[in-house]
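Here's a quick briefing to read with the structure open. Have a look at the model below, then work through the notes by topic.

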Amino acid sequence: MNSLASPAPEIPSIHLHLPTPQTLFRARADRLRQLATNHPSLAGYLTLMAELSDLQHGQVEESSLTPPPDVSARTCPLDIANRSHGPAWRAVLRAIAGGLAPNDEPLAAIRDRLRAASDEVLEGWAERLLSADFENLDSGLAPFVAAALQVRWTVLAGRIDGRGIGPGEFAHLCPVCSSLPVASVLRSGGDVQGLRYLCCGLCGTQWNRPRIQCVNCGSGKDVAYYGIEGSDEAVKAEACTECKTYLKMMNREKQPPIDPLADDLATLSLDILMAEEGYERIGFNCFLIPDA
Ligand SMILES: [Zn+2]
Ligand SMILES: [Zn+2]
């Protein structure tokens, strides 16, 4: 027997995957363009979001020059509830605004509104977006505000040591920043195949949750799967008949380039089906927030 004191038990590495900001936005832009080709009716919006992802990618390096976050907390070290946003995200937003196509009239109008907004106005938009309070938040501006916040939180999340981070208080919230998930993906973790990970809509962290168990209420009794006939088999809605909520589940083993945010936008028809069936979505996609 080893006489040395044993180190504190380490949380298994399959518990969470932190984002890699240097590749995440570029890969998302590629996936959005691929989806735009496959979904002509959504091509305009998907292409615009691909361009926005390119602009996000362009800000990662600059944003990484700021000091690393102070992350002593084991749960939610970048909690959206108690971390001040600071000026860094606003600089990212202004840089993204400056990169919007000057020849496109609606985009030029958005760019001008973003550039003219005071720091206080921008902080108000961020506050409403992060707390999912969509009233008084212009749904046309929201993707751009969200894009800047995503860059900041993803860059910070990419720089913390995930080994010390335990599960959050609420299983359906991101253990790094406490945001809601945008979707879940099935992926392999070490030697284990088909683990289910919830994907943070803000910082890009993915955290493990057991399959066939409602993310919202924990019930494993009445979980049902819905899909759109004739469409991609890789995306299903996992629905709980107990609490009437659902979250999309994406099978990366069937469709390796899947990106939770991009593939969620491309499967809007599944959300329409679920609303018709009386289910409420867990979380939201900050690139397509519902009109208040
Ligand atoms: Zn997060
Ligand atoms: Zn439930």
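Let's start at a metal site: around the zinc ion (ligand 2), the four donor atoms subtend angles of 105 to 117°, so the arrangement is tetrahedral. Keep in mind that this is a predicted model. The notes below go through this site, then the zinc ion (ligand 1), two residues in strands, S184 in β2 and M249 in β7, and finally the helix packing.

**Zinc ion (ligand 2)**

- The coordinating atoms are the SG atoms of C214, C217, C240 and C243, at 2.3 to 2.4 Å.
- Along the sequence, these donor residues follow the spacing C-x2-C-x22-C-x2-C. The site ties together distant parts of the chain: C214 sits in the loop between β4 (206–208) and β5 (223–226), while C243, 29 residues apart from it, sits in the loop between β6 (235–240) and β7 (245–251).
- Buried or exposed, where does C214 fall? C214 has a relative accessible area of 5%, so it counts as buried.
- C243 comes out at 24%, which makes it partly exposed, because buried means under 20% and exposed over 50%.

**Zinc ion (ligand 1)**

- Here the protein donors are C174, C177, C200 and C203, each through SG, lying 2.3 Å from the zinc ion.
- The angles subtended by the four donor atoms run from 97 to 118°, and that makes this arrangement tetrahedral. For reference, the ideal angle for four tetrahedral donors is 109.5 degrees.
- The donor spacing along the chain reads C-x2-C-x22-C-x2-C. Distant parts of the chain are linked here too: C174 belongs to the loop between α6 (142–157) and β2 (181–189), and C200, 26 residues apart from it, belongs to strand β3 (residues 192–200).
- C174 is buried, at a relative accessible area of 0%, and C200 is buried as well, at 6%.

**S184 and M249**

- S184 has its place in strand β2 and counts as buried, with 1% relative accessibility.
- What does S184 touch, beyond its neighbours within four places in sequence? Its contacts are R196, Y197, L198, C199, L247, K248, M249 and M250.
- M249 lies in strand β7 and is buried, with a relative accessible area of 9%.
- Leaving out residues up to four places away in sequence, M249 touches S184, L186, R196, Y225, A234, V235, K236 and E238.
- M249 and V235 are 14 residues apart along the chain, and their C-alpha atoms are separated by 5.8 Å.

**Helix packing**

- Helix α1 (residues 21–38) packs on helix α2 (residues 43–63) at an angle of about 165°, with the axes 8 Å apart. The two are therefore roughly antiparallel, since the cut-off for that is over 145 degrees.
- The crossing of α1 past α2 is left-handed.
- Residues of α1 that meet α2 include F25, A29, L32 and L35, and those on the α2 side include L46, M49, A50, S53 and V60.
- α2 also packs with helix α3 (residues 88–98), at an angle of about 135° and with the axes 10 Å apart. That makes α2 and α3 oblique to each other, and their crossing is right-handed.
- At this contact, L52, L55, Q56, Q59 and S63 in α2 meet V92, A95 and I96 in α3.

Terms used: Residues numbered from 1 in each chain as written. Chains lettered and ligands numbered in written order. Predicted model: local features only at pLDDT ≥ 70, side-chain atom pairs only at ≥ 80, totals over all residues. Heavy atoms only, no water. Donors = N, O, S within 2.8 Å, 3.2 Å for Na, K, Ca; no water. Tetrahedral: all angles 85-135°; square planar, octahedral: opposite > 155°, others 65-115°. Helix = DSSP H or I, 4+ residues; strand = E, 2+ residues; numbered from the N terminus. Buried < 20%, exposed > 50% of the residue type's maximum accessible area, 1.4 Å probe, protein only. Axes fitted to C-alpha atoms, helices over the stretch in contact; angles between N-to-C directions. Parallel < 35°, antiparallel > 145°, perpendicular 65-115°, else oblique. Left-handed = near helix turned anticlockwise from the far one by under 90°. Contact = heavy atoms within 4.5 Å.
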